Amino acid sequence: SLALTASRAVTATFTATVPPGANVLSLSVNGTACGSGAGAYVNKPCVQVTVCLPNAPTPTCQLVDDILLDTGSYGLRVFKQVLPFSLPLAPSGTGTLAECIQYLDGSSHWGPVATADVVLGGEPTIRVPVQVIDSTFGPAPASCPKPETSPTSAGFKGILGVGPFAEDCGPGCASVAANGVYFRCSGGTCSGTTVPVASQVSNPVASLPTDNNGVVVDLPPVQLGGQLTVEGSLLLGIDTQANNASAGATAYPGDPSTGDIRTVFDGKPAVGGFLDTGSNGLFFAAPTSGSLPTCSGGSWYCPAQTTSLSATNTGFGGSPSGTVSFSIGNANALFGSGNGVFQELGGPMPQGAGFDFGLPFFLGQKVFVGIQGTSSTGLGAGPYYAY
């Protein structure tokens, strides 16, 4: 996940209309589901999640808005400051289990792993490992850079990671202690540790009794130049209900290890492509033609005129293959427009090779994210992206 921010304020009236069903969450981009954080930065997709204290003598729950929907990560992570109760922390040997999740923009989330009862939409309550984001816990090891300190600094109250895997690390963290993700904290020090897959922070969708094989992100189109907010839906499950049918979509199978598909752009060798609502722009290496100069600071593209481009996506195994058309506008002009949602916002990939199809890719189409180890009747076995 990647979010590069621009300071601005958005005021808008938002009325959500979602299809009926227990498997539906209202999804808004810079709208009311973002609460008071609606204007934290542009192209921010938000949902609401209910977090409950397990085994409480009376129901003890908190509905948390301003949760960033992120198809580029896995698991529920909530800042400690927004929970009015303390979730039970997960043990690790004689200490406490903690983790560091790092993002492409150089930031990270640090904090302990805890157990929570979670409610998504109208689905049954599920009990899953989550991360409590707490930069003061531990302390964080030096290998965990720039841990976010608060919802204000991050621009959201938490993250709901619904990418194409059920856990946030998988077998690698179960077998190698120096995995850079999980740590055992005891006596004021934190050191790397192995964690069984079942104890890792997990994609909550995978734990649902039904509707557990993936998600569908359904957002309306946005005209060039942008608009204040948009409303849409996050549908849980794929081909499990009438409202999440995959008819008409094409599945692009992902790498079993990373989930990435293959993307070719500007005639260069294929790179890993991923579809990531948590990134607020399209991030990729600039074309050799020089048609996409960067703005001052280098984080965004600022062409003199909106530029039409295309890339080719291919499933990890070599098929299918399809063209993706997109536009890149002048980021400075977009930020100055007063709008909060843009289809033509893009910038350079900040670390290494890859093509990050961020939030703009999702505008105007249904996008399906299939979880590894599951299948749908129409799209086959995960991991995959489909649209």
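Strands S10 and S11 form a hairpin with two residues between them, and Gly187 in the turn has a positive phi of about 60 degrees. The model shown here is predicted. The two arms of this hairpin, S10 and strand S11 (residues 189-192), pair in the antiparallel sense over four bridges. Within that pairing, the bridge partner of Cys185 in S11 is Cys190. S10 also has a second neighbour: strand S6 (residues 95-102) and strand S10 (residues 182-186) pair over four bridges, in the antiparallel sense. Here Glu99 stands opposite Tyr182 in S10.

Further along the chain there is an open sheet of seven strands with mixed pairing, in the order S19-S18-S15-S16-S21-S17-S20. Its edge strands are S19 (321-328) and S20 (346-347), each of which pairs on one side only. On the S19 side, strand S18 (residues 307-314) runs antiparallel to S19, and eight bridges join the two. In this pairing Thr307 has Ile328 of S19 as its bridge partner.

Aromatic rings are the next topic. A pair of such rings is described by the distance of the centres and the angle of the planes. The model has 16 aromatic pairs. One of them joins Phe265 and Phe355, which are edge-to-face, at 5.8 Å centre to centre with 75 degrees between the planes. Phe265 lies in the loop between strand S15 (261-264) and strand S16 (271-275), while Phe355 lies in strand S21 (residues 355-357), so the pair ties together parts that are 90 residues apart in sequence. Phe265 counts as buried because its relative accessibility is 9%, and Phe355 is buried too, with a relative accessible area of 2%.

Another pair is formed by Trp300 and Phe335, whose ring centres are 5.6 Å apart and whose planes are at 80 degrees, so this pair is edge-to-face. Trp300 is in the loop between strand S17 (282-283) and S18, and Phe335 is in helix H3 (residues 331-335), so parts that are 35 residues apart in sequence are tied together. Trp300, at 6% relative accessibility, counts as buried; Phe335 is buried with a relative accessible area of 18%. Ring pairs also link a cluster whose members include Tyr252, Phe265, Phe326, Phe355 and Tyr387. A ring can also meet a charge: Lys44 lies over the face of Tyr41, at 5.7 Å from the ring centre.

Ala247 gives a last stop, in the loop between strand S13 (230-236) and strand S14 (251-253). Ala247 counts as exposed, because its relative accessibility is 77%. Ala247 and Gly378 are 131 residues apart in sequence, with their C-alpha atoms 6.8 Å apart in space.

Note on methods:
Residues are numbered from 1 along each chain as its sequence is written. This is a predicted model: local features need pLDDT of at least 70, side-chain atom pairs count only at pLDDT 80 or more; totals for chains, interfaces and linings use all residues. Side-chain values use heavy atoms; hydrogens and water are left out. Two strands pair if DSSP finds at least two bridges between them. Buried means under 20% relative accessible area, exposed over 50%, partly exposed in between (1.4 Å probe, protein chains only). Rings of Phe, Tyr and Trp (its six-membered ring) pair if their centres lie within 6.5 Å; planes under 30 degrees apart count as stacked, over 60 as edge-to-face and the rest as tilted. A charge sits over a ring if NZ of Lys or CZ of Arg is within 6 Å of the ring centre and within 35 degrees of the ring normal.
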